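Please read this briefing alongside the sequence and the model, which are shown just below. The points after the lead are grouped by topic.

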Amino acid sequence: MTTATLTANLRHLYEGRDKRARRFRYALLITDISTIMFIVVSSFLPDHAVIELTDAVIGLYVLADFVARILVSRDRVRSALHPMNLVDLIVLVSFLAPIVGEGLGFLRVLRTLRMLRTYRTIDLLRQDFEFFRKREDAIIASLHLGIFIFVMTGLVYETQHYSNASIHNYADALYFTVTTLTTTGFGDIVLPGTAGRLMSVVIMIFGVTLFLRLAQVLFRPVKVAYECPQCGLRRHEPDAIHCKHCGAFVHIPNEGDS
């Protein structure tokens, strides 16, 4: 198989719209989520050869995914320097370097966010799941908050579990992150030093902002994403027949139960 053929096949899998390409991208998404779950679970387990082997396998998967994304890109240099691909490099080193272990592997969650926010994946979810179409804003807002909590939990865990006697695993780090985000602050776990206080401030400011965004989309009237062909208005009631802005007919896909 020539390089051109390989690139064409990979581009079809990463960017195509047929069933094969859709299944491939869903498989990538499921694999990334499984990787994140492994990182969390392994923080509760003692070092073992099986965990190290799994680290290596995940690292090889990240490497293959990284190389494939560079190959299918029209501008490979720009793609290689994209922040999310640089995150992949950090994750790759984290999984393949025996000393580091899966320490920074939690950053892989940022790749999941980028994949979910790409037009093609959003379009697939809209086509395949009516539940997603009706609740897209709430789902995306929940995803943003969840990603933020997971990343900050990972940062707290990786920077504190060696030196902070109160943080032994991800559950402890998650507990601190959530109590700080909600400004509850029980005080039984604290991050010492200037860096710890600054991290707490970041969690409070950005976490509250994302939480308020989620509350906003949960309590406003439910609308679906559909672009009006006349004026471009993108949000409409699920049972709308006419665009509220220009009055044009809109044909919103539904299952007949709205």
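In this predicted model, the axes of helix 1 (residues 3-15) and helix 3 (residues 49-72) come within 9 Å and cross at roughly 100 degrees, where axes are lines fitted to C-alpha atoms, for helices over the stretch in contact, and angles run from 0 to 180 degrees between N-to-C directions. That crossing makes helix 1 roughly perpendicular to helix 3, a term that covers angles of 65 to 115 degrees. Helices (H or I, at least four residues) and strands (E, at least two) are DSSP runs numbered from the N terminus.

As the model is predicted, local features need pLDDT of at least 70 and side-chain atom pairs count only at pLDDT 80 or more, whereas totals for chains, interfaces and linings use all residues. Residues are numbered from 1 along each chain as its sequence is written, and side-chain values use heavy atoms, with hydrogens and water left out.

**Helix 1 and its contact with helix 3**
- On the helix 1 side, Leu6, Thr7, Leu10, Arg11, Tyr14 and Glu15 meet Asp65, Ala68, Arg69, Leu71 and Val72 of helix 3, contact being defined as heavy atoms within 4.5 Å.
- The residues of this contact divide into six nonpolar, one polar and four charged, with Ala, Val, Leu, Ile, Met, Phe, Trp, Tyr, Cys and Pro counted as nonpolar, Asp, Glu, Lys and Arg as charged, and the others, Gly among them, as polar.
- Helix 1 has 13 residues and reaches 18 Å from its first C-alpha to its last, close to the 18 Å expected at 1.5 Å a residue, the expected span being 1.5 Å times one less than the number of residues.
- Thr7, Leu10, Leu13 and Tyr14 of helix 1 are buried, that is, under 20% relative accessible area, against over 50% for exposed and in between for partly exposed (1.4 Å probe, protein chains only).
- These buried residues cover an arc of only 125 degrees around the axis, which puts them on the same side of helix 1; the arc is that of the directions from the helix axis to the C-beta atoms.

**Helix 5**
- Helix 5 (residues 83-96) has 14 residues, and its first and last C-alpha atoms are 20 Å apart, close to the 20 Å expected at 1.5 Å a residue.
- Its buried residues are Met84, Asn85, Val87, Asp88, Val91, Leu92, Ser94 and Phe95.
- Seen down the axis of helix 5, the buried residues fall within an arc of 165 degrees, so they line one face of the helix.
- The face turned away from that buried side carries the exposed residues Pro83 and Val93.
- Leu60, whose place is in helix 3, has its C-alpha 7.8 Å from that of Leu92, although the two are 32 residues apart along the chain.
- Leu60 is exposed, with a relative accessible area of 51%.

**Helix 11**
- The 27 residues of helix 11 (residues 193-219) should span 39 Å at 1.5 Å a residue, and its end C-alpha atoms are 39 Å apart, which agrees.
- Gly196, Met199, Ser200, Ile203, Gly207, Leu214 and Val217 are buried in helix 11, and what covers them includes helix 9 (136-160) and helix 10 (170-181).

**Pro253**
- Pro253 lies in the segment after strand 2 (235-236) and counts as exposed at 54% relative accessibility.
- Not counting residues up to four places away in sequence, Pro253 touches Arg133 and Tyr226.

**Whole protein**
- The secondary structure comes to eleven helices and two strands, and 43% of the 258 residues count as buried.

Key. Parallel < 35°, antiparallel > 145°, perpendicular 65-115°, else oblique.
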